[in-house]
Structures are given as structure tokens and as C-alpha cells.
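Colleague: I'd love a close look at one part of this protein, and then a walk outwards from there. Could you take me through it at the bench-side level?

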Amino acid sequence: MFRSTNAYRKISKGYLKNIPEYLAFRYKRYPEFVYDQRPKPLKNEIPVFTLHSVEPTRFEEQLEYLSRNGYQATNADHLYEFIAGIKPVPEKTIVLTFDDGWRNLWEVAYPLLKKYGFQAVSFIIPGLIKETNNCYQNIEPLCTWREIRIMHENKTIDFQSHTMYHSLIFTSPEIEDFINPSFEYHKMNFNVPMFLDNGIENISRKAELGTPIYKNAPRYSGIKRYYDDVGIRKLCIEHVKNNGGVGFFKKPFWRKKLHDIVREYNKTNKATEYYESEQEKEEKLYADLLESKTIIERKLPRKIVSHLGYPWWVGSDLSIEISRKAGYRTNFWGVIEERRTTNRAGDDPYRIGRLLGDECIFRLPGEGRKSLREIIKEKIMTNYKGLMKGLVSPGKNL
């Protein structure tokens with residue numbers, strides 16, 4: 001029961017995380033060249049592609065395709081100038097963006113970008129970056145400041161802000177789940193919402209078994225943050241510890257038991273939960289964006305950070321207003337629902353659209369262009385292999 005539930009939840013999440021891409025294809029929110037059989041050469045528009053980590057052979061194939069067909073990849077400052085009408089849009093211009101700054105950027109993407117003479121933009125998370133790797137510990141999952149400085153000095157990667165901590169926040173007292181052995185952690189615990197630990201922000205988001213996970217949303221969604229009742233959290237954690245630890249989750253209806261504990265607590269205790277005020281929300285968002293910008297500029301010589309890429313592609317009217325006050329000139333989102341997800345002169349620089357993933361690079365007009373059916377088939381197979389890799393690992397069965 002425990003194993004089958006684990007498998008089901010991972011399969012569900014594997015499909016859910018790709019819903020934005022499927023919807024973008026389904027409702028034709030991508031640029032016209034993605035769908036047209038015989039697209040015209042790319043003029044007066046700049047598609048922006050979103051990448052995280054890349055596979056060496058595939059990424060080199062993409063760069064070779066772009067190079068062979070005369071495309072140029074530009075940086076965030078130039079994109080702003082094109083959209084703002086300061087400079088004309090060069091033909092066959094694209095932008096390659098890498099979110100988070102994973103080690104793969106240093107080990108794979110950077111050498112290949114140099115080889116083919118392309119630039120890329122990387123939105124990084126300064127609050128989580130270490131100065132160097134400690135040879136006595138595991139290699140850091142994110143690029144270090146030392147590596148980032150080298151890429152910056154080479155002018156191959158344009159580093160911009162991805163907010164200070166890439167935060168999720170609780171948004172209501174509705175409990176969606178509890179930390180358990182089948183909880184699918186993202187690297188760096190990005191999918192665990194921030195919470196206070198002894199009054200201090202738990203930036204690492206390392207949560208003990210039994211910790212309630214309340215309804216949550218990306219920090220820049222504009223929703224007010226909900227601070228959970230620490231008493232409830234401690235009671236759930238202690239109950240798990242006192243009833244077998246990991247073994248507790250092999251018992252039937254363990255979620256119901258924890259929900260019952262929360263319900264009884266609320267009947268007999270005065271709640272200490274609360275929401276932040278509108279003023280607190282705005283002040284914290286501003287402080288976060290300003291600190292992220294300041295740290296990157298301090299760490300990288302002669303760097304000016306003017307561009308913000310939203311984690312999970314989620315922002316709000318409020319975040320636009322605050323980012324402008326903090327000194328940002330553009331905001332990078334994901335799919336733009338009210339228009340095609342490409343960028344033209346005169347578009348709002350605070351609503352730059354990005355294609356989710358790199359598959360559509362091969363749909364750009366050019367020699368060796370792949371069919372849409374071929375790309376969709378490759379995407380399905382890539383997702384399937386990734387899902388199976390996560391479900392079945394050495395020494396672990398379903």
C-alpha cells in the first residue's frame with residue numbers, strides 16, 4: 001500500500017508539472033513558427049527559451065542547429081533595448097535563459113556556449129549560492145560564486161536575479177499533506193514552503209517527518225503569506241517520532257491520524273497562526289528583490305542587475321510594481337496567456353514571455369527543422385524516462 005501510493009503520487013506529479021507546456025501547445029500560445037509547416041524567417045520578434053539543465057549531446061545539437069541557420073542569442077540588456085524600441089530587432093535573434101544556476105550550467109552549458117560563440121542569461125538565487133566547493137563535502141548542486149565569476153568575466157553568461165531564495169509560502173490553514181517518506185523532494189527543497197524555525201526563516205527548508213504542508217503558492221504570486229501554528233507542527237512531528245518514525249507511515253490511514261491530531265489541537269488551544277499584513281508583504285518583497293540585486297552586483301565585478309526571472313514563472317501586478325521600485329527594468333515570466341509567447345518591440349518589458357523548455361528550438365525556421373509530431377514524441381519519451389528513473393532506482397522497488 002505504501003509503495004503503490006508512493007508510485008501513484010510520483011506519476012501524478014510527473015504529469016502535473018508538465019501541464020503548463022501541454023496547455024501552451026493546446027491553445028496555441030506559442031509563436032506561430034512552432035505550428036506553421038512553412039514558417040517565414042524570424043523577423044521583428046524574439047522568442048525566449050527556458051532551460052534548467054541540459055544534456056550534452058542534445059544541447060550541442062541545438063547549438064549546432066542555431067549556428068548553422070544563422071541565429072544569434074542575445075543577453076537581457078539587449079532584449080530590453082529591442083522591446084523598448086531603443087534599437088531595431090535584428091533578424092534571427094533569440095534568448096536562451098537558464099533558471100536557478102545548477103552545476104550543469106558550469107559543467108555542460110558554459111563550455112558548449114563558448115564553443116559555438118553564443119550568449120545565455122542565467123537567473124540565479126544568491127541567497128543559496130556558496131563561495132566555493134568544499135572538497136571534504138558533496139559538490140554543491142548550484143554553481144559556486146567562483147564559477148559564476150569566471151562565466152561572467154568571459155561574458156558568455158549574463159547573470160540576473162531569480163529572487164533571493166526561490167521561495168514558496170503558505171497561503172491558508174488548509175493542510176494539503178505532511179512530510180513523509182514518499183514526499184518527492186526537489187533539489188534544494190524548492191517544493192517545501194518556507195517556515196519559521198524558532199522565529200528564524202528556515203531557508204534550507206529541511207522539514208522533519210510529520211511537518212504539515214499547508215496550501216501554498218510562489219512568493220511573488222501576490223498572495224499574503226500565512227504563518228502556521230508552531231504548536232501544531234511540533235505536535236505532528238512528535239507524534240511521528242513517538243510512533244515508529246518512518247514505520248508510522250506504513251500504517252493504514254496515517255494521514256487521517258495526523259489530521260485528527262490537528263483537529264483536536266484546534267479544539268483545545270488558542271491558535272497562534274496569522275497572516276502577514278499588506279504592508280509587511282510589500283516590504284518583504286522589496287527587501288528580497290533589493291538584496292538579491294545587491295549581492296549579485298557585489299559578487300560580480302562591473303555587474304548591473306536589471307532583470308528578474310520569476311521562479312515557477314509566477315509573478316503578479318504587485319511584484320511588477322515592487323521590482324520597478326527595486327531597480328529592475330524587465331520581468332521574465334513563462335507563457336503569456338493574453339498574447340503569443342514571443343516578444344516584439346512595444347511589448348511590456350515587465351511581461352516578457354518565455355517558452356517552457358527547449359524543444360521548440362528545433363521548430364525555428366531553418367535547415368534540419370524537426371516536425372511538431374517528432375518533437376512531441378521526443379518530449380513524451382523524455383518525460384517517461386525521467387519518471388521511470390525517479391520511480392525505480394538501484395536497490396529500490398515499487
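Leaving aside its neighbours within four places in sequence, which residues is Pro39 in contact with?

Modeller: Happy to! Please keep in mind that this is a predicted model. Leaving out neighbours within four places in sequence, Pro39 is in contact with Phe33, Pro365 and Arg369. Pro39 sits in the loop between helix 3 (32-35) and strand 1 (48-51). Pro39 counts as buried because its relative accessible area is 16%, and the cut-off for buried is under 20%. There is also a long-range pairing to look at here: Pro39 and Arg363 are 324 residues apart in sequence, yet their C-alpha atoms are 9.1 Å apart in space.

That pairing can be set beside a figure for the whole chain. Among contacts with a separation of 6 or more, 73% are between residues 24 or more positions apart. The protein chain has 12 helices and 14 strands, and 49% of its 398 residues are buried. Its accessible surface comes to about 19,900 Å², with 53% of that belonging to carbon and sulfur atoms.

Let's move on from Pro39 by way of Phe33, one of its contacts. Phe33 is also touched by Phe49. Not counting residues up to four places away in sequence, Phe49 touches Ile94, Val95, Leu96 and Thr97 as well, and further along the chain Leu355, Gly357, Cys360, Ile361 and Leu364. Phe49 belongs to the largest nonpolar core, which has 66 residues; Phe49, Leu96 and Leu113 are the members that touch the most others. Helix 6 (residues 103-116) gives this core its largest share, six residues. Apart from this core lies another one of 21 residues, including Phe170, Ile175, Ile261 and Tyr265.

Helix 6 also brings us to a charged residue, Arg103. Arg103 is buried, since its relative accessible area is 10%. Not counting residues up to four places away in sequence, Arg103 touches Asn133, Ile139, Glu140, Pro141, Leu142, Cys143, Thr144 and Glu147.

The structure holds 29 salt bridges, so here are a few that you can find on screen. Glu64 and Arg68 meet through their side chains, with N to O at 3.0 Å. These two are four residues apart in helix 4 (residues 56-68), which means that about one helical turn separates them. Glu64 is partly exposed at 31% relative accessible area, and Arg68 is partly exposed at 37%. Another bridge joins Glu81 to Lys87, where the closest N and O atoms are 3.3 Å apart; Lys87 is partly exposed, at 38% relative accessibility. Arg339 and Asp347 form a bridge too, at 3.7 Å from N to O, and Arg339 is partly exposed at 23% relative accessibility. Arg103 comes back into view here as well, for salt bridges that share partners join Arg103, Glu107 and Glu147 into one network.

The surface has a nonpolar spot to look at, too. Ile19, Leu23 and Tyr27 form a nonpolar patch with about 270 Å² of accessible area together. Ile19 is found in helix 2 (residues 19-26) and counts as partly exposed, at 36% relative accessibility.

Two backbone details are worth a glance. Most residues other than glycine have a negative phi. Thr163 has a positive phi of about 75 degrees although it is not a glycine. Thr163 lies in the loop between strand 5 (157-161) and strand 6 (168-178), and it is buried, at 1% relative accessibility. Trp312 likewise has a positive phi, of about 60 degrees, without being a glycine. Trp312 is placed in the loop between strand 12 (307-309) and helix 11 (317-325), and with a relative accessible area of 32% it is partly exposed.

Finally, a word on confidence. The chain averages a pLDDT of 90, and 90% of the residues score at least 70. Over residues 7-12, though, the pLDDT is below 50, and this stretch has 12 contacts in the model beyond near neighbours in sequence. Residues 390-398 also stay under 50, with 14 contacts beyond four places in sequence. Where pLDDT is low, the predicted coordinates should not be read in detail.

Technical notes
Residues numbered from 1 in each chain as written. Predicted model: local features only at pLDDT ≥ 70, side-chain atom pairs only at ≥ 80, totals over all residues. Heavy atoms only, no water. Buried < 20%, exposed > 50% of the residue type's maximum accessible area, 1.4 Å probe, protein only. Contact = heavy atoms within 4.5 Å. Areas by Shrake-Rupley, 256 points an atom, 1.4 Å probe, with all protein chains shown as cover. Patch = residues over 30% accessible without salt bridge, like charges linked within 9 Å, V, L, I, M, F, W, Y side chains within 5 Å. Salt bridge = Lys/Arg side-chain N within 4 Å of Asp/Glu carboxyl O. pLDDT = per-residue confidence, 0-100. Core = buried A, V, L, I, M, F, W, Y, C linked by side-chain atoms within 4.5 Å.
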